[in-house]
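This report describes a single protein model, taking its parts in turn.

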Amino acid sequence: MPKNSKAVKRELDDDVTESVKDLLSNEDACDDSFKKSSLIVNNHEGEGKECDVEEGGSDGEEEERPAWNSKLQYILAQVGFSVGLGNVWRFPYLCQKNGGGAYLVPYFILLVLIGIPLFFLELAVGQRIRRGSIGVWNYISPRLGGIGFASCVVCFFVALYYNVIISWSLFYFSQSFQQPLPWHECPLIKNKTSTYVVPECEKSSATTYYWYRQALDISNSISEGGGLNWKMTVCLLVAWSIVCLAMIKGIQSSGKVMYFSSLFPYVVLLCFLVRALLLKGSLDGIRHMFTPKLEMMLEAKVWREAATQVFFALGLGFGGVIAFSSYNKRDNNCHFDAVLVSFINFFTSVLATLVVFAVLGFKANIMNSKCVALNTKRIELLLGNGIDAHLIPKHINFTQVSQVSVEDYHKMIEVIKGVKEGDFSQLGLDACSIEDELNKAVQGTGLAFIAFTEAMTHFPASPFWSVMFFLMLINLGLGSMFGTIEGILTPLIDTFKVRKEFLTVGCCLLAFSIGLLFVQRSGNYFVAMFDDYSATLPLLIVVVLENVAVAWVYGIDKFFEDLKDMLGFTPYRFYYYMWKYITPILLLVLLCASFIQLTMTPPSYSAWIQEEAKELTLHFPVWGIVVCISLVVMAIMPVPVVFGLRYFNIIDDSTNGLSTVSYKKGRIIKETARPGEDDDTSLIQGKSPSEAPSPMPGNSIYRKQSGSGGPDVDTAPNGRYGIGYLMADMPDMPESDL
């Protein structure tokens, strides 16, 4: 028996006489000494009081759990996290590549079969247990605690290069306040005798040259470091400073930023859509985009890429979804949230696709007109010298080449091709087709910083649209960054009880220091490496384990009971079969397909060769392949390591004990139960410490106050990461299976 057990028993006998319901409904109990708490006492009108509850963990520190100011703020945070840069520059590319409008069918089917069930699962466990990813999976099974650490590692890897993309957008944003835009035309080199265009720009294009040479100053290969790019280094520092300042107070600071960062991109997308639809050629782009190629739906590759996009679009496995959800009331309808955010994400992708291809249709029309003008001049030079004049329709006037329409040009080409047949290719005339221009698939940085910027140079008031576009990219990126960083900070704070301010600043400083790797001249190649190898396989493994942990380790039936207790209704039976059978099988198939695809494709990257002014695909050197493999191994290593430590009892679960808290007016009497020892507080429940359950939170951490004491009062989380309550005189108090 603990040495102070007699004192504890005497205090309990004398003072703990009130029921918990009476205590929680007594407004006078919340005096000045009960102000710092994670336990919020709410009355029916939604007003709340806070009562001081000291955590009964080994450190005995007080724990505070922040909460969202409103449901809207929470939804915007989840939307901001899930809707990111991939919706703007990845989804349209996949849509074009995989059958146009037909691609939406497999995407929607997989959103229902994989996306919504897994998103609902993460929201539910986060809201129920009210902990970050590490604490959540430790509650379900300590041996699976490595899942949370793996999520943190992946989040850190992604944050390293994702903020570099934001820094690129910041640079372009800062350069957009000029008329004309600096990437409007190729720069000229002047010497004493002549003026000429920069050869690298002349061989490519003005926007391509500006991206690779002016912005990145890129080297020819990943092996050529080339030193730091000071412009991008400053932009990266600004990007991490913004993230640090927005996250330093947790959701209390980042939640307010969400109102702007989550809503502003929609304003910009709608403005771009309206403006693009008024431009010539925009409907050609939209028509090309949504013309379905139904035969492509039979290809396995289309379904694999659709499943991967669904998976990453919702941010599954990162821990950000769990972290944001953990700050919710436990009676919040997270099923509604899951469906709402998933469909907002889907319709945002479709809206972004409309905008992208409306703008690219306009650009294709401009490029086609330039092609027609150039080839018309070539035909004029060939008249009488390879092309007979009588082949040209009489109504075409070569004295005004710019007035030759696209239709007249195609008529000329058809006539000349019919006469010349085999000799036509020697004339050097292009077909000048809008379809060919639109079929030049671009994605990622190629879409945002080359194709889109080129299209905007032809917009009236192009600097305004450039400012809006890159400000939109910055906000999309920041919304995802907030969720990613929250996926790192929340579980670490819950686990190690460090101050949020110190951890946030330390994390951002460390990330900026490592991020200098990405702002050297070869940095773009490292961004591609991390994007391809640091997240895909590890996140798939993490989500497979999450699904198995809930459905098979904890038990799907018990999980459904917890959901009924939390939501007030039983979820649709559809989720039962999805979580237990369909979704795990689909995830395993996707994991195997992704693994085969990675192993069958040699690790390579696209390098910009300055002398040739074009991209070439190069293979990673040996050390680069080692880094690629190391990224995957380091990300997933916490899972087997934690499992092994738990399995062989190197880390003993029982050392954490159960936290026991008993109430006395004006103060708290706390004692930590030790294995193998009797504890007087455990006698309140009639259980020994070894028998006492470690419950999940009950129906609502926001305790409802009522004069009649009508609402049920549930147990709060117990064990390693929670505040434990073993209350007297509450025989009917429900306990969660967790």
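## Helix 22 and its surroundings

The elements that cover the buried residues of helix 22 include helix 8, helix 23 (536-567), helix 24 (573-600), strand 5 and helix 25 (622-636). Helices (H or I, at least four residues) and strands (E, at least two) are DSSP runs, numbered from the N terminus. Buried means under 20% relative accessible area, exposed over 50%, and partly exposed in between (1.4 Å probe, protein chains only). Contact means heavy atoms within 4.5 Å. Helix 22 (residues 523-533) is mostly covered, with 8 of its 11 residues buried. These buried residues are Gly-523, Asn-524, Tyr-525, Phe-526, Val-527, Met-529, Phe-530 and Tyr-533.

The model is predicted: local features need pLDDT of at least 70 and side-chain atom pairs count only at pLDDT 80 or more, whereas totals for chains, interfaces and linings use all residues. Residues are numbered from 1 along each chain as its sequence is written, and side-chain values use heavy atoms, with hydrogens and water left out.

## The hairpin of strands 5 and 6

Strand 5 (residues 604-609) and strand 6 (residues 614-619) run antiparallel and are joined by 6 bridges; two strands pair if DSSP finds at least two bridges between them. Ser-604 stands opposite His-619 in strand 6, and Ala-607 stands opposite Leu-616 in that strand. There are 4 residues between the strands of this hairpin, in which Ala-613 takes a positive phi near 55°.

Ala-613 also has a spatial relation to a remote part of the sequence: Glu-202 and Ala-613 are 411 residues apart in sequence and 8.7 Å apart in space, C-alpha to C-alpha. Glu-202 is found in helix 9 (residues 199-203) and counts as exposed, at 58% relative accessibility. Leaving aside neighbours within four places in sequence, Glu-202 is in contact with Cys-186 and Val-197.

## Disulfide and free cysteines

A disulfide is defined here as a pair of cysteine sulfur atoms within 2.5 Å, and by this rule the count comes to 1 disulfide. Cys-186 is joined to Cys-201, with an S to S distance of 1.8 Å. The link of Cys-186 and Cys-201 is left-handed, with -80° about the S-S bond. The pair links distant parts of the chain, 15 residues apart: Cys-186 is in the loop between helix 8 and strand 3 (188-190), and Cys-201 is in helix 9.

The two partners are unlike in accessibility: Cys-186 is partly exposed, with a relative accessible area of 22%, whereas Cys-201 counts as buried at 2%. Cys-152 is in no disulfide, and the nearest cysteine sulfur, that of Cys-155, is 6.5 Å away. Cys-152 is buried, with a relative accessible area of 9%.

## Annotated binding site

An unreviewed UniProt entry places the feature "binding site" at Gly-80, Val-83, Asn-87, Asn-345, Leu-476 and Ser-480. UniProt positions are given in the numbering used here, feature names are shortened, and annotations may be inferred rather than shown by experiment. The annotated positions span 401 residues in sequence, yet no two of their C-alpha atoms are more than 12.6 Å apart, so they gather at one spot.

Val-83 is placed in the loop between helix 3 (71-82) and helix 4 (85-89) and counts as buried, at 5% relative accessibility. Not counting neighbours within four places in sequence, the contacts of Val-83 are Tyr-266, Ala-313, Asn-345, Thr-348, Leu-476 and Ser-480. Asn-345 lies in helix 16 (residues 334-382) and is buried at 1% relative accessibility. Beyond residues up to four places away in sequence, Asn-345 touches Ser-82, Val-83, Asn-87, Tyr-107, Ala-313 and Leu-314.

## Nonpolar cores

A nonpolar core is a set of buried Ala, Val, Leu, Ile, Met, Phe, Trp, Tyr and Cys residues joined through side-chain atoms within 4.5 Å. The largest such core has 186 residues, of which Trp-137, Trp-240 and Phe-272 touch the most other members. Helix 8 (residues 146-174) supplies the largest share of this core, 18 residues. Apart from it lies another core, of 13 residues, among them Ile-379, Ile-392, Met-412 and Cys-432.

Leaving aside neighbours within four places in sequence, Phe-272 is in contact with Val-355, Val-359, Phe-452, Met-456, Phe-459, Trp-465, Met-468 and Phe-469.
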